[in-house]
Amino acid sequence: MVTSNNNNKLTKLGTILIMVFKCLFLFLTLFTIISVLIVKKQYILFGIVIFIALTILAVAGSKINTLPHFSLFIFLFTLFLGIITIWLLKTPIESDFNVQYLAAKALKNGNFIFQNNSYFERWPYQLGLSIYESWLLRLVNSSNFLRFFNVITIAGITVLIYQIAQKITTEPAARLAALLYSIFLTPLTYCAVLT
C-alpha cells in the first residue's frame with residue numbers, strides 16, 4: 001500500500017514537472033518571437049506564422065496519441081515550417097557564408113583557386129562544407145536549392161529525434177520531443193542561411 005502511494009506521488013510529481021517544462025518552453029519561444037518582432041518589425045509575418053504553427057501544435061497536442069504515421073506528419077510539418085521560414089526571411093549571403101558559397105561555386109566549375117584564400121588556411125575544416133555545397137550545386141545551381149536542402153535535413157533530423165526518443169521513452173513523450181524541436185527557432189532560422 002505504501003509503495004503504490006509513493007508511485008502515485010511520483011507520477012503526480014512527474015506530471016507537474018512536465019507541465020512546468022512545457023510552460024517554460026512555450027514562454028521562451030513566445031519571448032523569442034516577441035523579441036524578434038520588437039527589434040525587426042519586418043518579421044511580423046514570420047511571427048504570425050510561428051504563432052499559427054504553435055496553435056496547430058496545441059490543437060494537435062490533444063490528438064497526439066491517436067495520430068497515425070507520425071513520422072510522416074512530423075517530417076511534413078517541419079518541412080512546411082522550414083519552407084515558410086526561408087520564404088519569409090530571405091537572408092543575404094554574407095560574411096563567412098559568402099566565402100564558402102563562392103568557394104563551392106568555384107569548386108563546382110573545377111576551379112581550385114579558393115585554396116589560397118586565407119579564410120580556408122585559418123579554418124580548413126570549412127572546406128568540407130564548401131565541397132558538400134558544390135556537390136549540391138552540381139545538381140541544381142541555386143542558393144535557394146541549398147536552403148531547401150537545409151530544410152529537408154532539419155525535417156529529417158526531427159524524424160530522427162522522434163525515432164530515437166521512441167526507443168528510450170514513451171510514445172507521447174517521443175512525439176512531444178519531435179513537435180517541440182520542429183518549432184524550435186534555431187534550426188528553423190538556420191535553414192535560411194547556407195550552413
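## Helix H4 and its neighbours

The buried residues of helix H4 pack against three helices: H5 (118–122), H6 and H7 (143–168). Those buried residues are Gln 100, Tyr 101, Ala 103, Ala 104, Ala 106 and Leu 107. Please keep in mind that this is a predicted model.

H4 itself is built from 14 residues, and the distance from its first C-alpha to its last is 20 Å, close to the 20 Å expected at 1.5 Å a residue. Beyond the helix comes Gly 110, whose phi is positive, near 80°.

## The whole chain

Stepping back for a moment, the protein chain holds nine helices and zero strands. Read from the N terminus, its elements therefore run α-α-α-α-α-α-α-α-α, with a strand being a DSSP run of at least two residues. Of the 195 residues in the protein chain, 33% are buried.

Among contacts in the chain with a separation of 6 or more, 73% are between residues 24 or more positions apart.

## How H4 crosses H6

A general point helps here: two packed helices are described by the angle between their axes and the distance between the axes. For H4 (residues 95–108) and H6 (residues 127–139), the axes come within 8 Å and cross at roughly 55°. That angle makes H4 oblique to H6. The crossing of H4 past H6 is right-handed.

Which residues meet in this pair? On the H4 side they are Gln 100, Tyr 101, Ala 103, Ala 104, Lys 105, Leu 107 and Lys 108, and on the H6 side Leu 129, Ser 130, Ile 131, Glu 133, Ser 134, Leu 137 and Arg 138. Sorted by type, the residues of this contact are seven nonpolar, three polar and four charged. Several H4 names will look familiar: Gln 100, Tyr 101, Ala 103, Ala 104 and Leu 107 are also among the buried residues of H4.

## H3 alongside H8

Helix H3 (residues 70–89) and helix H8 (residues 171–182) form another packed pair, with an angle of about 10° and axes 10 Å apart. H3 is therefore roughly parallel to H8. H3 brings Phe 70, Phe 73, Ile 74, Phe 77, Thr 78 and Leu 81 to the contact, while H8 brings Arg 175, Ala 178, Leu 179 and Ser 182. Here the residues divide into seven nonpolar, two polar and one charged.

## Three residues to look at

Start with Ser 95, which is found in H4. Its phi is near 55°, a positive value in a residue other than glycine. As a general rule, most residues other than glycine have a negative phi. Is Ser 95 buried or exposed? Ser 95 is exposed, because its relative accessible area is 56% and the cut-off for exposed is over 50%.

Next is Trp 135, a residue of helix H6. Trp 135 counts as exposed because its relative accessibility is 54%. In sequence, Trp 135 and Lys 108 are 27 residues apart, yet their C-alpha atoms are 7.1 Å apart in space. Lys 108 is one of the H4 residues that meet H6.

Finally, Ala 165 is found in helix H7. Ala 165 is buried, because its relative accessible area is 11%, and buried means under 20%. Ala 165 and Ala 177 are twelve residues apart in sequence, with 7.5 Å from C-alpha to C-alpha.

Notes. Residues are numbered from 1 along each chain as its sequence is written. This is a predicted model: local features need pLDDT of at least 70, side-chain atom pairs count only at pLDDT 80 or more; totals for chains, interfaces and linings use all residues. Side-chain values use heavy atoms; hydrogens and water are left out. Axes are lines fitted to C-alpha atoms, for helices over the stretch in contact, and angles run from 0 to 180 degrees between N-to-C directions. Helices (H or I, at least four residues) and strands (E, at least two) are DSSP runs, numbered from the N terminus. Angles under 35 degrees count as roughly parallel, over 145 as roughly antiparallel, 65 to 115 as roughly perpendicular and the rest as oblique. A crossing is left-handed if the near helix is turned anticlockwise from the far one by less than a right angle, and right-handed if clockwise. Contact means heavy atoms within 4.5 Å. Ala, Val, Leu, Ile, Met, Phe, Trp, Tyr, Cys and Pro count as nonpolar, Asp, Glu, Lys and Arg as charged, and the others, Gly among them, as polar. The expected span of a helix is 1.5 Å times one less than its number of residues. Buried means under 20% relative accessible area, exposed over 50%, partly exposed in between (1.4 Å probe, protein chains only).
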